[in-house]
Amino acid sequence: MANPGINAGVGGGAKAPSPILDVRGATLQYKTPKHLVTATYKVDFDVYQSDRFVLLGPSGCGKSTLLKAVGGFMQPVEGTIRVRDRVVKAPGPDRMMVFQEFEQLMPWKTILQNVMFPMQATKRFDRGEIRDRALAVLDKVKLSKFIDVYPHMLSGGMKMRVAIARAMAMEPDILLMDEPFAALDALTRRKMQEELLSLWDQTRFTVLFVTHSIEEAIIVGSRILVLSPHPGRVRAELNAERFTHENVDMPEFGLLMKRIHGLLFEESEPVPEPETEAVA
Ligand SMILES: Nc1ncnc2c1ncn2[C@@H]1O[C@H](COP(=O)(O)OP(=O)(O)OP(=O)(O)O)[C@@H](O)[C@H]1O
Ligand SMILES: [Mg+2]
């Protein structure tokens with residue numbers, strides 16, 4: 001599965017592409033009445049067009065916090081987050097969050113109505129073109145035959161297609177997915193991963209995907225950012241473009257699993273600031 005994104009336009013003297021998402025030195029904190037919690041510390045990464053970029057790290061390392069900050073729901077206390085060179089200050093339709101288990105589909109609306117809804121709600125598009133846009137994107141995800149049915153009549157994989165189609169109809173620069181398959185059994189999870197990859201093959205969307213499963217990161221991701229335990233700092237960035245379900249038994253797959261395991265569990269240097277400090 002080739003990823004044209006990161007290398008597109010590079011070589012032959014062509015100008016290197018600029019990233020869609022540029023996270024630079026992002027320190028993210030929560031202020032609670034008693035404590036200041038540092039969730040991530042000086043995190044850097046870039047996401048390019050058509051990347052399947054995975055944030056991987058143990059529970060509590062700040063993956064969801066990073067996604068929230070990219071979504072514009074919180075601001076870094078240090079560093080910057082830019083989408084297409086614009087500093088992220090608030091949520092916007094250029095960054096669409098696809099929620100866990102795709103429960104955001106409205107059961108009383110048909111598939112077509114579900115896909116049309118955010119376009120109607122945000123007034124991003126002309127009234128007259130919304131239906132056609134929804135039909136086009138549903139065709140892209142191969143659901144044209146199901147436009148008039150309700151979500152409960154679809155399989156989990158098809159629901160995911162609807163949820164992604166709905167997000168894609170808004171023409172975001174990037175899709176944000178926070179552990180979308182975490183609650184599923186192993187078999188269903190695998191099916192959903194395959195479904196996501198085949199959809200990516202057809203449409204080449206750009207996605208920032210959070211997981212704490214090493215295997216899922218390698219299968220789903222084209223690039224993986226490995227984060228340290230709390231507070232999250234960048235341990236490494238790895239390329240996993242060549243791996244899919246078909247090569248989980250290859251020695252190279254096992255070696256990458258091992259390498260990531262080592263990176264996740266090795267001792268880290270202490271963060272120069274206290275990770276939890278009393279608020280004055
Ligand atoms: N609303 C909040 N208020 C205060 N602290 C928070 C809040 N949300 C998260 N935290 C803290 O920030 C740190 C990072 O949390 P976050 O949810 O980003 O981790 P995560 O990597 O997504 O973990 P998981 O894999 O369990 O989802 C944790 O120490 C957590 O306790
Ligand atoms: Mg989380």
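**Close-ups of a predicted model**

**View 1. Leu208 and its partners.** Skip the neighbours within four places in sequence, and Leu208 is in contact with Leu21, Val47, Phe53, Leu55, Leu67, Val70, Ile174 and Leu176. Keep in mind that everything in these views comes from a predicted model. Leu208 also turns up among the residues with the most contacts inside the largest nonpolar core, together with Ile164 and Leu175.

**View 2. The largest nonpolar core.** Zooming out from Leu208, we get to a core of 68 residues. Helix α4, residues 156–169, gives the most to this core: eight residues. The core also draws on two domains, with at least three residues from each of domain 1 (5–9 + 16–94 + 173–280) and domain 2 (96–171).

**View 3. Helix α4 and what packs over it.** This helix has 14 residues and runs 20 Å from its first C-alpha to its last, close to the 20 Å expected at 1.5 Å a residue. Eleven of those 14 residues are buried, so α4 is largely enclosed by the rest of the structure. The buried ones are Lys159, Met160, Arg161, Val162, Ala163, Ile164, Ala165, Arg166, Ala167, Met168 and Ala169. So who does the covering? The cover over the buried residues of α4 includes the strands β6 (95–98) and β7 (174–178), plus the helices α2 (111–122), α3 (127–140) and α5 (186–203). Look just past the end of α4 as well, where Glu171 takes a positive phi of about 55°.

**View 4. Ser144 in the loop before α4.** Ser144 is found in the loop between α3 and α4. It has 13 C-beta neighbours inside 10 Å, so Ser144 counts as partly exposed. Leaving out residues up to four places away in sequence, Ser144 touches Leu138 and Asp139. If you want a distance to check in your viewer, try Ser144 to Leu112: these two are 32 residues apart in sequence and 9.1 Å apart in space, C-alpha to C-alpha.

**View 5. The shell around ligand 1.** Here 14 residues surround ligand 1, and the closest are Tyr30, Ser59, Lys63, Ser64 and Thr65. Two elements, β2 (35–47) and α1 (63–71), give two or more residues to this shell. Of the elements, α1 gives the most, with three residues. As for chemistry, the shell splits into nine polar residues, four nonpolar and one charged.

Notes: Residues are numbered from 1 along each chain as its sequence is written. Chains are lettered from A and ligands numbered from 1 in the order in which they are written. This is a predicted model: local features need pLDDT of at least 70, side-chain atom pairs count only at pLDDT 80 or more; totals for chains, interfaces and linings use all residues. A residue is near a molecule or strand if its C-beta atom, placed from the backbone, lies within 6 Å of it. Helices (H or I, at least four residues) and strands (E, at least two) are DSSP runs, numbered from the N terminus. Ala, Val, Leu, Ile, Met, Phe, Trp, Tyr, Cys and Pro count as nonpolar, Asp, Glu, Lys and Arg as charged, and the others, Gly among them, as polar. A nonpolar core is a set of buried Ala, Val, Leu, Ile, Met, Phe, Trp, Tyr and Cys residues joined through C-beta atoms within 7 Å. A residue is buried if 20 or more other C-beta atoms lie within 10 Å of its own, exposed if 12 or fewer, and partly exposed in between; C-beta atoms are placed from the backbone. Domain bounds come from an automatic or database domain assignment. Two residues are in contact if their C-beta atoms, placed from the backbone, lie within 7 Å. The expected span of a helix is 1.5 Å times one less than its number of residues.
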